[in-house]
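Q: I have a structure to look at and I'm new to this. Can we go through it together?

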Amino acid sequence: MMPNLILASTSPYRRELLGRLGLPFSVANPQTDESALPGEAPDALALRLSEAKARAVAGDHPDALIIGSDQVATVDGKIYGKPGTHERAVAQLRELSGKTVNFFTGLCLHNTRTGESLVRGVSTLVTFRQLSDAEIENYLRREPAYNCAGSAKSEGLGIALLAAMQGDDPNALVGLPLIALCDMLRQQGVAVL
């Protein structure tokens, strides 16, 4: 019998991606502090938070496989989080214009029965075009991406801001690397197909 599958995230994007696998799952809010530790590297932050999110809901879900995921966007070691406001989104997009951004997604599959956590990181390199202020304003008016790291939704109109993408899993950029997740699920005895 398959253990319960729990997505430790309130992200509608991650929920939609996980739904593509056709497996029954529930959603739980991990309520995790996403602040970086002093001196913590961006990739270490994403990996730590993906596991912290999964473990945050583990006590409420015995005999479950819990999926945690977190993403950071970085350029030259600087982290670009969710902007939250129009002004911060404009500032982010101005800074990212013409640059290549590493969207690093941490993924954890935590087995509450065994206590084992499988953790993996997936990188996606995204190159933004040179953006004019008018393009930035037009984009944010049409698609206010204030809850997305880097202020752009590649799965929507944000694709028009980009010049190139390089990565092993297009789903990772949206926030849930399904290729890695399918591999982890197989390791835990879950047949996706």
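What follows is a chat about cysteines, salt bridges, one helix and the nonpolar cores.

Q: What kind of model is this, and how are residues numbered?
A: This is a predicted model, in which local features need pLDDT of at least 70 and side-chain atom pairs count only at pLDDT 80 or more, while totals for chains, interfaces and linings use all residues. Residues are numbered from 1 along each chain as its sequence is written, and side-chain values use heavy atoms, with hydrogens and water left out.

Q: OK. How many disulfides are there?
A: A search of the whole structure finds zero disulfides. The cut-off for a disulfide is a pair of cysteine sulfur atoms within 2.5 Å.

Q: What is a disulfide, chemically?
A: A disulfide is a covalent bond between the sulfur atoms of two cysteines.

Q: Why does Cys182 have no bond?
A: Its closest cysteine sulfur is in Cys108, and at 16 Å that is too far for a bond.

Q: Is Cys182 buried or exposed?
A: Cys182 is buried, at 13% relative accessibility. Buried means under 20% relative accessible area, exposed means over 50%, and partly exposed is in between (1.4 Å probe, protein chains only). Cys148 is buried too, with a relative accessible area of 10%.

Q: New topic. How many salt bridges are there?
A: The structure holds 11 salt bridges. The term stands for a side-chain nitrogen of Lys or Arg within 4 Å of a carboxyl oxygen of Asp or Glu.

Q: Which residue does Glu34 pair with?
A: Glu34 pairs with Lys53, and their closest N and O atoms are 3.2 Å apart. Glu34 sits in the loop between strand 2 (26-28) and helix 2 (42-56), and Lys53 sits in helix 2, so the salt bridge ties together parts that are 19 residues apart in sequence. Helices (H or I, at least four residues) and strands (E, at least two) are DSSP runs, numbered from the N terminus.

Q: And how accessible are Glu34 and Lys53?
A: Glu34 is partly exposed, with a relative accessible area of 38%, whereas Lys53 is buried at 5%.

Q: What about Glu40?
A: Glu40 forms a salt bridge with Arg48, the closest N and O atoms being 2.7 Å apart. Glu40 is buried, at 16%, and Arg48 is partly exposed, at 27%.

Q: Where are Arg186 and Asp183?
A: Both are in helix 6 (residues 178-187), three residues apart, which separates them by about one helical turn. Their side chains meet in a salt bridge (3.9 Å, N to O). Salt bridges that share partners also join Glu34, Lys53 and Asp70 into one network.

Q: Stay on helix 6. Which of its residues are buried?
A: Leu178, Ala180, Leu181, Cys182, Met184 and Leu185 are buried in helix 6. Their cover includes strand 1 (4-8), helix 1 (12-19) and strand 3 (64-75).

Q: What does Leu185 touch?
A: Leaving aside neighbours within four places in sequence, Leu185 is in contact with Leu5, Leu21, Leu23, Leu65, Leu109, Val190 and Val192. Contact means heavy atoms within 4.5 Å.

Q: How many residues are in the largest nonpolar core?
A: That core has 23 residues, and Leu181 and Leu185 are among those that touch the most other members. Helix 6 gives the most to this core, with six residues. Apart from it lies another core, of 22 residues, among them Phe103 and Tyr139. A nonpolar core is a set of buried Ala, Val, Leu, Ile, Met, Phe, Trp, Tyr and Cys residues joined through side-chain atoms within 4.5 Å.
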